[in-house]
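Student: Got a minute? I'd like to walk through this fold with you.
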Amino acid sequence: MKEYRNDPERKEALLSKKRDYYHENRDQARATMKASYERNREARIAQVRRHQQKLRHEVIEAYGGECTCCGESTFVFLALDHVHNDGAAHRRKVGAGYAMYKWARDNGFPDSLQVMCQNCNWAKHVMGVCPHRAD
């Protein structure tokens, strides 16, 4: 049965049929999707959170999994940091939070980002340099 569903021609025919049905029955299809979402809202929210946490883990690990300044490796304390302090402009362009992690992965984990713990990241923001590196 899987070979039948994975056949590219058959798959495209099924997708085309679904698109046509949706356009012909848009109101009914939207109502059905909305009802399905409402029935499964909590599960869907949990699924999205799991996906976002998985992405965050992937990105943090790709950048070494620890603070580049102090070596902190407790996951909940870690965040992405913009090496050249251009985070505000970059966030306006690509978005913050999940969007930033997605952008980092989709762009091959560029060197313009690094992992820092929240303490070092905040100190760098406030003082211009983290106290660990102020020496």
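Tutor: Sure. First, a definition: helices are DSSP runs of H or I, at least four residues long, numbered from the N terminus. Also, this is a predicted model.

Student: OK. What phi does glycine 128 take, just after H7?
Tutor: Glycine 128 has a positive phi of about 90°.

Student: And H7 itself, which residues are buried?
Tutor: In helix H7 (residues 118-127), the buried ones are Cys120, Asn121, Ala123 and Lys124. Seen down the axis of H7, they fall within an arc of 165°, so they line one face of the helix.

Student: What do they pack against?
Tutor: Strand S1 (78-82) and strand S2 (113-117).

Student: Which exposed residues sit on the face turned away?
Tutor: Asn119, Trp122, His125 and Val126.

Student: Switching topic. How many residues are in the largest nonpolar core?
Tutor: That core has 20 residues. Val59, Tyr63, Cys67, Leu80, Tyr101 and Cys120 have the most contacts inside it. Helix H4 (41-62), S1, H6, S2 and H7 each give two or more residues.

Student: Which element gives the most?
Tutor: S2, with four residues.

Student: What does tyrosine 101 touch?
Tutor: Leaving out residues up to four places away in sequence, tyrosine 101 touches Leu55, Arg56, Val59, Ile60, Ala79 and Leu80.

Student: Last one. At what angle do H5 and H6 pack?
Tutor: About 90°, with the axes of H5 (residues 87-94) and H6 (residues 98-106) 10 Å apart. That makes H5 roughly perpendicular to H6. H5 brings His90, Arg91 and Val94 to the contact, and H6 brings Ala99, Met100 and Trp103. By type, the contact has four nonpolar residues, one polar and one charged.

Terms used
Residues numbered from 1 in each chain as written. Predicted model: local features only at pLDDT ≥ 70, side-chain atom pairs only at ≥ 80, totals over all residues. Heavy atoms only, no water. Axes fitted to C-alpha atoms, helices over the stretch in contact; angles between N-to-C directions. Parallel < 35°, antiparallel > 145°, perpendicular 65-115°, else oblique. Contact = heavy atoms within 4.5 Å. Nonpolar A, V, L, I, M, F, W, Y, C, P; charged D, E, K, R; others polar. Buried < 20%, exposed > 50% of the residue type's maximum accessible area, 1.4 Å probe, protein only. Arc of directions from axis to C-beta. Core = buried A, V, L, I, M, F, W, Y, C linked by side-chain atoms within 4.5 Å.
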